[in-house]
Amino acid sequence: MGAVLKNPPESMQHHLRRRLNARAGERWPQLARVRVRFRAGFAYVDGELKNGEQLPLCRLRFTGVLHTWGFALYLASRGGYQDNVLPSGLPVGSPEECLDCACGLYLDSPAT
């Protein structure tokens, strides 16, 4: 049985939330805000639409580095998360890259 992964420190959790909400404000006007919850080394990212509806977007895996997170996309058809690659072709990237990839699939075109 694998070891339980630890969540990032509180300061990192706060920083991640701030970064994701800033990015949503810049590029995804459909979102009122981004909610992030942490469990066992993962950050679960949901978008909150302006009407209050919650939209699961992706799961980020804490790699130990503030600017690089593993990426798993939420698949509504499966009701769960699946590891995936970003447009860069890598399975890890910045929180902003991860949010843009997930929102690009679930929302209309981003603001320019």
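Colleague: Let's start with the helices: how are α1 and α2 oriented to each other?

Modeller: In general, two packed helices are described by the angle between their axes and the distance between the axes. Here α1 and α2 pack at an angle of about 45°, with their axes 9 Å apart, and they are therefore oblique to each other. Axes are lines fitted to C-alpha atoms, for helices over the stretch in contact, and angles run from 0 to 180 degrees between N-to-C directions. Under 35 degrees is roughly parallel, over 145 roughly antiparallel, 65 to 115 roughly perpendicular, and the rest oblique. Keep in mind that this is a predicted model, where local features need pLDDT of at least 70, side-chain atom pairs count only at pLDDT 80 or more, and totals for chains, interfaces and linings use all residues. Residues are numbered from 1 along each chain as its sequence is written, and side-chain values use heavy atoms, leaving out hydrogens and water.

Colleague: Which residues of α1 and α2 meet?

Modeller: Contact means heavy atoms within 4.5 Å. By that rule, Leu16, Arg19, Leu20, Arg23, Ala24 and Arg27 in α1 meet Pro95, Glu96, Leu99 and Asp100 in α2. The residues of this contact divide into five nonpolar, no polar and five charged.

Colleague: What span should helix α2 have?

Modeller: The expected span of a helix is 1.5 Å times one less than its number of residues. Helices are DSSP runs of H or I, at least four residues, and strands are runs of E, at least two, numbered from the N terminus. For the twelve residues of α2 (residues 95–106) that gives 16 Å, and the end C-alpha atoms are 17 Å apart, which agrees.

Colleague: And which residues of α2 are buried?

Modeller: Buried means under 20% relative accessible area, exposed over 50%, and partly exposed in between (1.4 Å probe, protein chains only). In α2 the buried ones are Pro95, Glu96, Cys98, Leu99, Asp100, Cys101, Ala102 and Cys103. They pack against α1 (10–27) and several strands, including β1 (31–39) and β3 (54–65).

Colleague: Where is Ser94, and what does Ser94 touch?

Modeller: Ser94 sits in the loop between β6 and α2. With a relative accessible area of 17%, Ser94 is buried. Not counting residues up to four places away in sequence, Ser94 touches Arg19 and His67.

Colleague: Is Gly79 buried or partly exposed?

Modeller: Gly79 is partly exposed, at 49% relative accessible area. You'll find Gly79 in the loop between β4 and β5 (80–83). Its C-alpha atom is separated by 14 Å from that of Tyr44, 35 residues apart along the chain.

How values were computed:
Nonpolar A, V, L, I, M, F, W, Y, C, P; charged D, E, K, R; others polar.
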